[in-house]
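Visitor: Hey, I'm new to this one. Can you walk me through it?
Guide: Sure, have a look at it first and then ask away.

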Amino acid sequence: MANVIEKTGKTIDEAIAAAVAELGVAKSELDIEVLETPTKKFFGLLGETPAKIRATVKAPPPKEKSVEKIPAEEIVAEPVEKFEPVLEPSPVEEQTFDREQVLAAAKSFLQEVFAAMKINVSIEVEEFEDGYQFNLVGKGLGVLIGRRGQALDALQYLLNLAVNRKNMDEKIHFTLDVEDYRRRREDTLIKLAKSVADRAIKTRRDVRLEPMNRHERKIIHTVLQDNERVETHSAGEEPYRYIIVTPKRFRR
């Protein structure tokens, strides 16, 4: 019977249960290593990745060896020459942060996603002080934007997570854009903020906007922060957090 096996399942518990059944041992007798957690591929567009674990049967504890006891009076201590060990410091390998290597890893990650989706995309790179913006160019790239940019935001999140997970001290932020969508969306949000503020003032009632990501909410807050007749605040839980525009009540 194999002592190490790998199993998959819709959940981690399901994969562990499969390993227990095949090995015929209790879960407490296994060392479990989670190889992959169940995740949806690219915002659900590419299906779902199952959970994958490696189960290893724990080795039984070593048996105690019987030791013959020798009477203390029969033990003769021999003189031991004292010496001072010379300890040499072991060389420490310094890991330097390679910005170009991270950039190459980011491009490779995106190309793998595009290959899985069977779309041809070229990447134009713009460098900024705190990171890079990738402008994705090709035909029929609307699928990468999704409804109100949700697919593009999801891909951008996964990209930053994938390339920065090993760089804890220094991170590079990557922004994705398709067909100048980010600028066009920002223009739309600016107009929306002003229109909603006018509606709140006219009706003297709160106006609740649809859920938005953090970046889009920041645009709304920034546009209306100098408007003396309304105030804004966010409510709800991610990813359904939204903005409420409230008309200010002035004393007569």
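Visitor: Let's start with the sheet: which three strands form it, and in what order?
Guide: This is a predicted model, and in it three strands line up as E1-E5-E2 in an open sheet, with antiparallel pairing. Strand E1 (4-9) and E2 are the edge strands, each pairing on one side only.

Visitor: How many degrees are neighbouring strands turned against each other?
Guide: On average 25 degrees, with direction ignored.

Visitor: And what packs on that sheet?
Guide: Helix H1 (residues 12-23) does, and H1 touches E1, E2 and E5. The direction of H1 makes about 140 degrees with that of E1.

Visitor: Back to the strands for a sec. How many bridges pair E1 and E5?
Guide: Six bridges, in the antiparallel sense. To pick out one bridge, Thr8 has Lys52 in E5 as its partner.

Visitor: OK, charges next. How many salt bridges does the count come to?
Guide: The count is 12 salt bridges. One of them joins Arg54 and Glu33, with the closest N and O atoms 3.0 Å apart. Arg54 sits in strand E5 (residues 51-57) and Glu33 in strand E2 (residues 30-36), so this pair links distant parts of the chain, 21 residues apart.

Visitor: Is Arg54 buried, exposed or partly exposed?
Guide: Arg54 counts as partly exposed, at 26% relative accessibility. Glu33 is partly exposed too, with a relative accessible area of 40%.

Visitor: Which residues are linked with those two in a network?
Guide: Glu6 and Lys52: together with Glu33 and Arg54 they are linked in a network of salt bridges. Lys52 came up a moment ago as the bridge partner of Thr8.

Visitor: Any salt bridges elsewhere? What does Glu210 meet, say?
Guide: The side chain of Glu210 meets that of Arg148 in a salt bridge, 3.1 Å from N to O. Glu210 is in the loop between strand E9 (207-208) and helix H6 (214-224), while Arg148 is in the loop between H3 and H4, so the pair ties together parts 62 residues apart in sequence. Glu210 counts as partly exposed at 28% relative accessibility, and Arg148 counts as partly exposed at 39%.

Visitor: What about Arg185, which residue does that one meet?
Guide: Arg185 meets Glu210 as well, in a salt bridge of 3.9 Å, N to O. Arg185 belongs to helix H5 (residues 181-203) and Glu210 to the loop between E9 and H6, so here the parts tied together are 25 residues apart in sequence.

Visitor: And is Arg185 buried or exposed?
Guide: Arg185 counts as buried, at 11% relative accessibility.

Visitor: Switching topic: how many residues are in the largest nonpolar core?
Guide: That core has 25 residues. Those with the most contacts inside it are Leu110, Phe114, Phe134, Leu136, Leu144, Leu159 and Phe174.

Visitor: Which helices and strands supply at least two residues of that core?
Guide: Helix H2 (99-117), strand E7 (131-137), helix H3 (142-145), helix H4 (150-164) and strand E8 (173-178) each do. The largest share comes from H2, with seven residues. Apart from this core lies another one, of 15 residues, among them Ile201, Ile219, Val230 and Val245.

Visitor: Phe174 was on your list. What does Phe174 touch?
Guide: Leaving out residues up to four places away in sequence, Phe174 touches Val102, Leu103, Ala106, Tyr132, Phe134, Gln156, Leu159, Asn160 and Val163.

Visitor: I spot some aromatics in there. How many aromatic pairs does the whole structure have?
Guide: Two turn up. Tyr132 and Phe174 form a stacked pair, 5.8 Å centre to centre with 20 degrees between the planes. Tyr132 is in strand E7 and Phe174 in strand E8, 42 residues apart.

Visitor: And the other pair, with Phe134 and Phe174: stacked or tilted?
Guide: Phe134 and Phe174 make a tilted pair, at 5.3 Å centre to centre and 45 degrees between the planes. Phe134 lies in strand E7 and Phe174 in strand E8, so the pair ties together parts 40 residues apart in sequence.

Visitor: Are these rings buried or exposed?
Guide: Tyr132 and Phe174 are both buried, and Phe134 is buried as well. Ring pairs link Tyr132, Phe134 and Phe174 into a cluster.

Note on methods:
Residues are numbered from 1 along each chain as its sequence is written. This is a predicted model: local features need pLDDT of at least 70, side-chain atom pairs count only at pLDDT 80 or more; totals for chains, interfaces and linings use all residues. Side-chain values use heavy atoms; hydrogens and water are left out. A nonpolar core is a set of buried Ala, Val, Leu, Ile, Met, Phe, Trp, Tyr and Cys residues joined through side-chain atoms within 4.5 Å. Buried means under 20% relative accessible area, exposed over 50%, partly exposed in between (1.4 Å probe, protein chains only). Helices (H or I, at least four residues) and strands (E, at least two) are DSSP runs, numbered from the N terminus. Contact means heavy atoms within 4.5 Å. A salt bridge is a side-chain nitrogen of Lys or Arg within 4 Å of a carboxyl oxygen of Asp or Glu. Two strands pair if DSSP finds at least two bridges between them. Axes are lines fitted to C-alpha atoms, for helices over the stretch in contact, and angles run from 0 to 180 degrees between N-to-C directions. Rings of Phe, Tyr and Trp (its six-membered ring) pair if their centres lie within 6.5 Å; planes under 30 degrees apart count as stacked, over 60 as edge-to-face and the rest as tilted.
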